[in-house]
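Reader: I'm new to this one and would like a close look at a single part of it. Could you pick a spot and walk me through what surrounds it?

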Amino acid sequence: MPGVLANALDDKPVLSTDGREVGTVYNLTMDRQTGKLETLLVDPIDNGFKEFERTDDGYLRIPTAMINGLSDQLMITPPERVN
């Protein structure tokens, strides 16, 4: 995802490549030393998505390895398909 500003991701819808609506981007985490994006924090659309780790506040932690594409929405590859 080169060249994307963090504020461009704010409130962006997140969908999985298998067609599920996951939620919206709430925040992100970055490595302080490298500035590299580590995870997206997503406000989930419902209480499903048990395959994702959650924060204490209930946000989903989605590792950058799952990001598949970005346009009007952010696409992620479901965890079972990430190698």
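**A loop residue and the sheet around it**

Author: Let's start with Thr-55, which sits in the loop between strand S4 (53–54) and strand S5 (60–63). Keep in mind that this is a predicted model. Is Thr-55 buried or exposed? Its relative accessible area is 16%, and buried means under 20%, so Thr-55 counts as buried. Setting aside neighbours within four places in sequence, Thr-55 touches Leu-41 and Arg-61.

Now for the sheet. It's an open one with seven strands, ordered S4-S5-S3-S2-S1-S7-S6, and the pairing is mixed. S4 and strand S6 (67–70) are the edges: each has a single partner strand, so one side of each has no neighbour in the sheet.

Moving inward, strand S2 (residues 21–30) and strand S3 (residues 37–44) run antiparallel, joined by seven bridges. One example is Gly-23, whose bridge partner in S3 is Pro-44.

S2 also pairs with S1, again antiparallel, over three bridges; here Pro-13 stands opposite Thr-24 in S2. The hairpin of S1 and S2 has four residues between the strands, and in it Gly-19 takes a positive phi near 95 degrees.

S1 itself (residues 13–16) has side chains that alternate. Val-14 and Ser-16 point to one face and are buried, while Pro-13 and Leu-15 point to the other and aren't. That same S1 runs parallel to strand S7 (residues 74–76), with three bridges joining them, and Ser-16 has Ile-76 as its bridge partner in S7.

Methods. Residues numbered from 1 in each chain as written. Predicted model: local features only at pLDDT ≥ 70, side-chain atom pairs only at ≥ 80, totals over all residues. Heavy atoms only, no water. Helix = DSSP H or I, 4+ residues; strand = E, 2+ residues; numbered from the N terminus. Buried < 20%, exposed > 50% of the residue type's maximum accessible area, 1.4 Å probe, protein only. Contact = heavy atoms within 4.5 Å. Pairing = 2+ DSSP bridges.
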